[in-house]
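Visitor: I have a new model open on my screen and would like to learn how to read it. Could you walk me through some of its features?

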Amino acid sequence: MAPPYDIDPRLLRAFTAVAEELHFTRAAGRLFVAQQALSRDIRRLERETGTQLFARTTRQVALTPDGERLLPYARRVLDAHDALRDAFRAAPRPLLVDLNSPGLVQDAVLRRARELAPDQELMARFESGLTGAAREILAGRLDASFGRYGGLAPGLRTRLDAQFVRYEPMAVVLPEDHPLAALPEVPLARLAGERLYAGAGNDRTPEWTDLAVRLFAGRGIHLSPPAPLAVGKEEFQRIMAKHRHPVLAVVGFPPMPGCALRPLVDPVPLSPVSLVWRKGARHPALDALRTAAAELARAGGWHERPAGSWLPEDEPGLPLTRPGPPG
């Protein structure tokens, strides 16, 4: 028997039906095909295997020794083929969604997506940085993330799709006894001479550090030198108390003990937030996530750029809008 390669499972299904029925008419009925088509498939399989699989007479059909030899292999192949088909007919695997940090606006998008697709599983992850998350997406360990798409390296952007979600106003986190913490809002000019931490040296967040560098340029605001990322509220509080460097954040940044979060104004700097996923990826939960982001953006006016706001120039991935007139 010649070694068969790349045999069409349809031919094996035809062979198995005839082997089990030992009758071409009954086998054709079982497969819902014409007897002529079934006979043609059996002849093709015999050509591909280089052997005769059935002994036929006008009264009966019987398996040849080579047919007997092929049957258990054919059954195993068809069982595996059916298992593969059933696996992809079942509910899709969970969608792994990076929210960057707990408590941000992305939480609302995820909650709404879960309402829109209750049969899907959307699992939250916290990767802390879109560049790092993009690497995880392209490696297949993550499905979607949020962040500044325009700050990604061009080579990453070409392999990803993105949907703009929101202009997120930026803020500063200060030690609660810092002089600027007494203000309800902090004008950017009041930060002149200060050193702000914005993730310098963290290879997962260069898009955020780049945004800070652009914002600080010409304003006398300095970037804090590279430092290990503080993970968790206790570590954040300890590092803040020790070094006392203000931290660049967004207005939705979760409260931290011993710290004050103050919006930045004059101008209001904006962090563009997009939903990002691997180019060409398909998943019903991703559809729900995109629908939720668009729905909340419409309801909340998230695509409306405030008057007198600041954005980095020539930022890729943003809607073609302009700030409204001064209020």
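Visitor: Let me begin with D314: is this residue buried or exposed?

Guide: Keep in mind that this is a predicted model. Exposure is read from the relative accessible area, and over 50% counts as exposed. D314 has 77%, so it is exposed. You will find D314 in the segment after β13 (309-310). Its backbone deserves a look too: D314 is not a glycine, yet its phi is positive, about 55 degrees.

Visitor: Which residue other than glycine in the loop between β11 and β12 has a positive phi?

Guide: That is D266, with phi near 55 degrees. D266 sits in the loop between β11 and β12. At 59% relative accessibility, D266 counts as exposed. Now follow the chain one bond on: the peptide bond from D266 to P267 is cis, with omega near -5 degrees. P267 is found in that loop between β11 (259-265) and β12 as well.

Visitor: Let's go on into β12. Which sense does its pairing with β5 have, antiparallel or parallel?

Guide: Strand β12 (residues 268-278) and β5 pair in the antiparallel sense, over four bridges. To see one pair of partners, pick S145 and look across to V276 in β12.

Visitor: And which residues of β5 lie on each of its faces?

Guide: In β5 (residues 144-147), A144 and F146 are on one side, while S145 and G147 are on the other. These four are all buried, so both faces of the strand are covered, given that buried means under 20% relative accessible area.

Visitor: How many residues of helix α6 are buried?

Guide: Seven of the nine residues in α6 (residues 130-138) are buried, and the helix is mostly covered. The buried residues are L130, T131, G132, A133, A134, E136 and I137. Their cover includes β5 and β12, which we have just visited, along with β3 (95-98), α7 (154-157), β6 (160-175) and α8 (206-216). After α6 comes G140, with a positive phi near 85 degrees.

Visitor: Next, helix packing. How should I describe two packed helices?

Guide: Two packed helices are described by the angle between their axes and the distance between those axes. Try this on helix α5 (residues 106-116) and helix α10 (residues 284-300): their axes come within 8 Å and cross at roughly 120 degrees. The two helices are therefore oblique to each other. The crossing of α5 past α10 is right-handed.

Visitor: Which residues make that contact?

Guide: From α5, they are A108, V109, L110, R112, A113 and L116. From α10, they are A288, L289, T291, A292, A293, E295 and L296. Sorted by class, the contact has 10 nonpolar, one polar and two charged residues.

Visitor: What does H222 touch beyond its sequence neighbours up to four places away?

Guide: H222 touches G193, E194, R195, L196 and F216. This histidine is in strand β9 (residues 222-223), and its relative accessible area of 38% makes it partly exposed. Compare sequence and space for H222 and Y197: they are 25 residues apart in sequence and 8.8 Å apart, C-alpha to C-alpha.

Visitor: To finish, what does the whole protein look like in numbers?

Guide: The protein has 10 helices and 13 strands. Buried residues make up 45% of its 327 residues. Among contacts between residues at least 6 apart in sequence, 74% join residues at least 24 apart.

Definitions and conventions
Residues are numbered from 1 along each chain as its sequence is written. This is a predicted model: local features need pLDDT of at least 70, side-chain atom pairs count only at pLDDT 80 or more; totals for chains, interfaces and linings use all residues. Side-chain values use heavy atoms; hydrogens and water are left out. Buried means under 20% relative accessible area, exposed over 50%, partly exposed in between (1.4 Å probe, protein chains only). Two strands pair if DSSP finds at least two bridges between them. Axes are lines fitted to C-alpha atoms, for helices over the stretch in contact, and angles run from 0 to 180 degrees between N-to-C directions. Angles under 35 degrees count as roughly parallel, over 145 as roughly antiparallel, 65 to 115 as roughly perpendicular and the rest as oblique. A crossing is left-handed if the near helix is turned anticlockwise from the far one by less than a right angle, and right-handed if clockwise. Contact means heavy atoms within 4.5 Å. Ala, Val, Leu, Ile, Met, Phe, Trp, Tyr, Cys and Pro count as nonpolar, Asp, Glu, Lys and Arg as charged, and the others, Gly among them, as polar.
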